[in-house]
Each structure stands twice: as C-alpha cells, then as structure tokens.
Amino acid sequence: MTLNSTIPDPRAIKCPRRAFTLIEVLVATLFMVVVIPVALGAMRVASMAGEAGQRKLVAARIATKFINELRVENLLQNGGQRGVVQEDGVAYTWFQTSEFWNADPLSQMYMATITVNYKVAGRPCTVQLSTLLPPPTQ
C-alpha cells in the first residue's frame, strides 16, 4: 500500500469570491429606508420636548420673579398687573389676578395668581403660579 502525500498548490484551489449578493444589498437598503425616517422623527420629537421643557422652566422663573416683586411692593391684592418679557427671542406675556379665597371664608385670605403665556412650535402654553395672602391691613 502506497500513500500519496502531495500538498496541493494553493493557487490551484478555486475558492468562491466573497461578496454581498444583490438580495442582501436590497434588503439592507430597504431596512435603511425604513429605519432612518423613524430615527429622524424620534429625534425631532425629543428636540421639541426639550424645547418645551426649557420654555416652561423660563416661564416658571418669570412667574416666580413677578410674584415675589409684587409681594414686596404690596401690589398682589390689587390685581390687573401685566407685562411682556422677551427672552431668547420668545415673548412671555404675564398677568396677575387676585381673588378672595373661597376654601376657608373665615380666614379672609386672598389668592394671587401669576399666569405666564408663551408658545412652543406655534402652540399656546400656560404656566400658573399662585400664593395665598393675608387680608389687607387697614
């Protein structure tokens, strides 16, 4: 019995070329056509939510500022104060109202409210901040 132990020449072995088939390329392209618009839409929604949150924070800061200023000046019980604040190119309109607090008629407290209106993506939004005040002293 004889063994033939010859090593084949590596250049003589024919290997199939490794490449993507047309089907694989089409499936990958279809996947990208579906996924990219969904991802961009999600990023747009996240960006708008961030902008809305930022503007709400600014509106709350404006309401806090004016309620404190009007409290120091003792003008909260008068009501009817209003104004406009421009910040980062956005107009925040605010107005103040005062009314008798009906929850406890014996306390004779007043409720002062500052309402700040602003827009996010063309939609109106509102932030309200209220505080209770003792009855006016005479």
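Trainee: In this predicted model, which residue forms a salt bridge with R55?

Mentor: The model is a predicted one, and in it the closest N and O atoms of the pair are 2.8 Å apart. That value lies within the 4 Å allowed between a side-chain nitrogen of Lys or Arg and a carboxyl oxygen of Asp or Glu. The two residues are 4 residues apart in helix α1, and are therefore separated by about one helical turn. The partner of R55 is E51.

Trainee: Is R55 buried or exposed?

Mentor: A residue counts as buried when its relative accessible area is under 20%. For R55 the relative accessibility is 19%, whereas its partner E51, at 31%, counts as partly exposed. By that cut-off, R55 is buried.

Trainee: Which residue meets R61 in a salt bridge, and in which strand does that partner lie?

Mentor: R61 is in helix α1, and the pair links distant parts of the chain, with the two positions 26 residues apart in sequence numbering. The side chains come to 2.4 Å, N to O, and R61 itself is partly exposed, with a relative accessible area of 46%. The partner is E87, which lies in strand β1.

Trainee: What is the bridge partner of E87 in β2?

Mentor: Strand β1 pairs with β2, residues 90-100, in the antiparallel sense over 6 bridges. Within this pairing, Q86 stands opposite A91. The hairpin of β1 and β2 has 2 residues between the strands, and D88 takes a positive phi near 55° there. For E87, the bridge partner in β2 is V90.

Trainee: How many bridges join β2 to β3?

Mentor: These two strands run antiparallel. One of their bridges joins F100 to its partner in β3, Y110. The number of bridges between β2 and β3 is 8.

Trainee: Which strands stand at the edges of the sheet, and why is one side of each left without a neighbour?

Mentor: The sheet is open and has 4 strands, paired antiparallel in the order β1-β2-β3-β4. Each edge strand has a single partner strand, so one side of it has no neighbour in the sheet. From one strand to the next, the twist averages 20°. The edge strands are β1 (82-87) and β4 (123-133).

Trainee: What angle does the direction of helix α1 make with that of β3?

Mentor: Helix α1 spans residues 22-72 and packs on the sheet, where it touches β1, β2, β3 (110-120) and β4. From the N terminus on, the elements run α-β-β-β-β, and together they come to 1 helix and 4 strands. The direction of the helix makes with that of β3 an angle of about 150°.

Trainee: How much accessible area does the nonpolar patch that includes V34 have together?

Mentor: V34 lies in helix α1. The patch on the surface is formed by L30, F31, M32, V33, V34, V35, I36, L40 and M43. For the protein as a whole, the exposed area is about 11000 Å², of which carbon and sulfur atoms supply 62%. The residues of the patch have together about 920 Å².

Trainee: What percentage of the residues in the protein is buried?

Mentor: The protein has 138 residues, and R55 is one that counts as buried. Among contacts between residues at least 6 apart in sequence, 41% join residues at least 24 apart. The buried residues make up 19%.

Definitions and conventions
Residues are numbered from 1 along each chain as its sequence is written. This is a predicted model: local features need pLDDT of at least 70, side-chain atom pairs count only at pLDDT 80 or more; totals for chains, interfaces and linings use all residues. Side-chain values use heavy atoms; hydrogens and water are left out. Buried means under 20% relative accessible area, exposed over 50%, partly exposed in between (1.4 Å probe, protein chains only). Contact means heavy atoms within 4.5 Å. Accessible areas come from the Shrake-Rupley method with a 1.4 Å probe; for residues, only the protein chains shown count as cover. Two strands pair if DSSP finds at least two bridges between them. Axes are lines fitted to C-alpha atoms, for helices over the stretch in contact, and angles run from 0 to 180 degrees between N-to-C directions. Patches are made of residues with over 30% relative accessible area and no salt bridge: like charges are joined within 9 Å, nonpolar side chains (Val, Leu, Ile, Met, Phe, Trp, Tyr) within 5 Å.
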